[in-house]
Amino acid sequence: MVLRARPGCDEDERAVVRRLSRARKAPRDAVMRARMIELSWSGLRVPAIAVELDCSQKTVRCWLHRFNRLGLQGLEDLGGQGRKRRITEEERSRIISLVKTVPPGRLRWEPVGELWAFDESGPFEWTLDSLAAAARAEGIEVGRSQVRRILLAEGVRWRRTRSWMRSKDPDFVSKGQGSSASTPTRPTTRR
């Protein structure tokens, strides 16, 4: 049995298929499917359409059947393909908003003039691990690598914690000024 695309229901459907088959800015797959229909309308059979478009005969048959069954909607991609997201958009935004909050272990000045922290055992700086743990505490099942991907997708530059910059040691003294001015500078021009 010879498979052909059904004739267009009306002139509008035929015009849409013709316009889509010649489109330059439409998705490539949609243009190719519309060309299959148009070539079938011009009298070509499935093997000739497959050779013309450099695809398999099975692909041509699939799209001709879908067009015959569903019309123009049959040329569109089916939605819902692929893996579903594990976390919702609301949970993603809650993870991003966590970054903007002050970590529970960071010391702050109390109005009386003393240092204090909400949770002294908590992280004093957000890391990917501490963000993932805080998100899990809020009921969001997420791992460290997923937190990293979410922050990268939002354009947040993430850096590793540099432990030499801060210390929990009460006797820690930060580094002083740079080297003395008596050190000669290198010449900036060529000799």
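These notebook entries record what I looked up in a predicted model of a protein chain.

**Entry 1. Overall layout**

I began with the secondary structure. The protein chain has 7 helices and 2 strands. Read from the start of the sequence, the elements follow the pattern α-α-α-α-α-β-β-α-α. I then looked up burial and found that 28% of the 191 residues are buried. The exposed surface comes to about 14,800 Å², of which carbon and sulfur atoms supply 51%. For contacts with a separation of 6 or more, I noted that 46% are between residues 24 or more positions apart.

**Entry 2. Aromatic pair**

I searched the whole structure for aromatic pairs, and the search returned 1. The ring centres of Trp 41 and Phe 67 are 6.0 Å apart and the planes stand at 70°. Planes over 60 degrees apart count as edge-to-face, so I entered the pair as edge-to-face. I next asked which helices the pair links. Trp 41 belongs to helix H2 (residues 28-41) and Phe 67 to helix H4 (residues 57-70). The two residues are 26 residues apart, and the pair thus links distant parts of the chain.

I also looked up the accessibility of each partner. Trp 41 is partly exposed, at 26% relative accessibility, whereas Phe 67 is buried, with a relative accessible area of 0%. Phe 67 has a further partner in Arg 6, whose charged end sits over the ring, 4.7 Å from its centre.

**Entry 3. Helix H3**

I turned to helix H3, which spans residues 46-53. Which residues of H3 are buried? I found Val 46, Ile 49, Ala 50 and Leu 53 to be buried. Viewed down the axis of H3, these buried residues fall within an arc of 100°, so they line one face of the helix. I then checked what covers them: the cover includes H2 and H4. H2 and H4 are also the helices that hold Trp 41 and Phe 67 of the aromatic pair. After H3 comes Asp 54, and I recorded its phi as positive, near 55°.

**Entry 4. Arg 92**

I finally examined Arg 92, which is located in helix H5 (residues 89-100). Is Arg 92 buried or exposed? Its relative accessible area is 14%. The limit for buried is under 20%, so I entered Arg 92 as buried. I listed its contacts, leaving aside neighbours within four places in sequence. Arg 92 is in contact with Arg 85, Ile 87, Ile 150, Ala 153 and Glu 154.

Key. Residues numbered from 1 in each chain as written. Predicted model: local features only at pLDDT ≥ 70, side-chain atom pairs only at ≥ 80, totals over all residues. Heavy atoms only, no water. Phe/Tyr/Trp six-rings, centres within 6.5 Å; stacked < 30°, edge-to-face > 60°. Helix = DSSP H or I, 4+ residues; strand = E, 2+ residues; numbered from the N terminus. Buried < 20%, exposed > 50% of the residue type's maximum accessible area, 1.4 Å probe, protein only. Lys NZ or Arg CZ within 6 Å of the ring centre and 35° of its normal. Contact = heavy atoms within 4.5 Å. Areas by Shrake-Rupley, 256 points an atom, 1.4 Å probe, with all protein chains shown as cover. Arc of directions from axis to C-beta.
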